Each structure stands twice: as structure tokens, then as C-alpha cells.
Amino acid sequence: MLRNYYFLVSGLTDLVLGDEKTGASFSVFMDEISELIHPSDLQLLQYIRLPFDNLNLITVLLGKNREFDLRGNYSRDDLVDAIKNPDV
């Protein structure tokens, strides 16, 4: 089923060349639209965040002193818990 989310485009901020004003962060944007879209579309949208989860998982597994990327689906605690308790 094709759903039209016109509000996503109409709600974007105007971009002006030379304007230093930034829009909402990726995480804030994802949190806001996750409440407004169909659950099956939300699942598809979560796939976009998987590369960030992969990098975060590598960071946790290798114990790298790298900043945790908040654009992923899972928090650092979620990943650490999943590593400690893989059967849960």
C-alpha cells in the first residue's frame, strides 16, 4: 500500500544559502515522525538506522574510545546488555 506523507516535506525548514541555522537533529526528526507513520513504514525506516547500529556495535565490542552515534536504533546499554545476555 502506498502512503503519501506530504507532511514530511511540507514540515521541513526552508534552506537558504549562507544561513547557518540548522534544523532538527536526525534523532529528533526520527523520534517525531515515528509517532506519525504507519508501523510497517516505521520498520522500514529503522533499516536506515542499521549502519549506525553496526558502527556502534563495533565500537562497543572493540572497546574503542569513539563517540557513540545516537542515530542508531539501540542505545549503548541495549548493545552491552545484548552482548552479555545473547539468549534474551
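Visitor: Which side chains meet in a salt bridge at 3.4 Å, N to O?

Guide: Those of Asp 41 and Arg 3. The model is a predicted one. The general idea is that side chains of opposite charge can pair when their charged atoms come close. In this case the partners sit in distant parts of the chain, 38 residues apart: Asp 41 belongs to helix α3 (residues 39–48), and Arg 3 to the segment before α1 (6–10).

Visitor: Is Asp 41 buried or exposed?

Guide: Asp 41 has a relative accessible area of 17%, so it is buried, the cut-off being under 20%. Arg 3 is partly exposed because its relative accessibility is 24%.

Visitor: How many salt bridges does the count come to?

Guide: The count is 2. Besides the pair of Asp 41 and Arg 3, the side chains of Asp 69 and Arg 71 meet at 2.8 Å, N to O. Asp 69, at 19% relative accessible area, is buried, and Arg 71, at 34%, is partly exposed.

Visitor: Now the surface. Which residues make the nonpolar patch?

Guide: A residue enters a patch if it has over 30% relative accessible area and no salt bridge. Here Leu 55, Leu 57, Ile 58, Leu 61, Leu 62 and Ile 83 form a nonpolar surface patch of about 530 Å².

Visitor: Which helix gives the largest share of the patch?

Guide: Helix α4, residues 50–62, supplies 5 residues, the largest share. One of the patch residues, Leu 62, lies in α4 and counts as exposed because its relative accessibility is 56%.

Visitor: Asp 53 lies in helix α4 too. Is Asp 53 buried or exposed?

Guide: Asp 53 is at 5% relative accessibility, which means that it counts as buried. As for its place in the fold, its C-alpha atom is 33 Å from that of Gly 18, and the two residues are 35 apart along the chain.

Visitor: How is the packing of α4 and α5 read? At what angle do their axes cross?

Guide: One takes the approach of the axes, then the angle, then the handedness. The axes of α4 and α5 (residues 76–84) come within 10 Å and cross at roughly 60°. That angle makes α4 oblique to α5; the roughly perpendicular class runs from 65 to 115 degrees.

Visitor: Which handedness does the crossing have, right-handed or left-handed?

Guide: The crossing of α4 past α5 is right-handed.

Visitor: Where does Tyr 74 lie?

Guide: Tyr 74 is in the loop between α4 and α5. Its relative accessible area is 44%, so it is partly exposed.

Visitor: How far apart in space are Tyr 74 and Leu 50?

Guide: A contact across the sequence is read by setting separation along the chain beside distance in space. For Tyr 74 and Leu 50 the separation in sequence is 24 residues, and the C-alpha to C-alpha distance is 9.2 Å.

Definitions and conventions: Residues are numbered from 1 along each chain as its sequence is written. This is a predicted model: local features need pLDDT of at least 70, side-chain atom pairs count only at pLDDT 80 or more; totals for chains, interfaces and linings use all residues. Side-chain values use heavy atoms; hydrogens and water are left out. Patches are made of residues with over 30% relative accessible area and no salt bridge: like charges are joined within 9 Å, nonpolar side chains (Val, Leu, Ile, Met, Phe, Trp, Tyr) within 5 Å. Accessible areas come from the Shrake-Rupley method with a 1.4 Å probe; for residues, only the protein chains shown count as cover. A salt bridge is a side-chain nitrogen of Lys or Arg within 4 Å of a carboxyl oxygen of Asp or Glu. Helices (H or I, at least four residues) and strands (E, at least two) are DSSP runs, numbered from the N terminus. Buried means under 20% relative accessible area, exposed over 50%, partly exposed in between (1.4 Å probe, protein chains only). Axes are lines fitted to C-alpha atoms, for helices over the stretch in contact, and angles run from 0 to 180 degrees between N-to-C directions. Angles under 35 degrees count as roughly parallel, over 145 as roughly antiparallel, 65 to 115 as roughly perpendicular and the rest as oblique. A crossing is left-handed if the near helix is turned anticlockwise from the far one by less than a right angle, and right-handed if clockwise.
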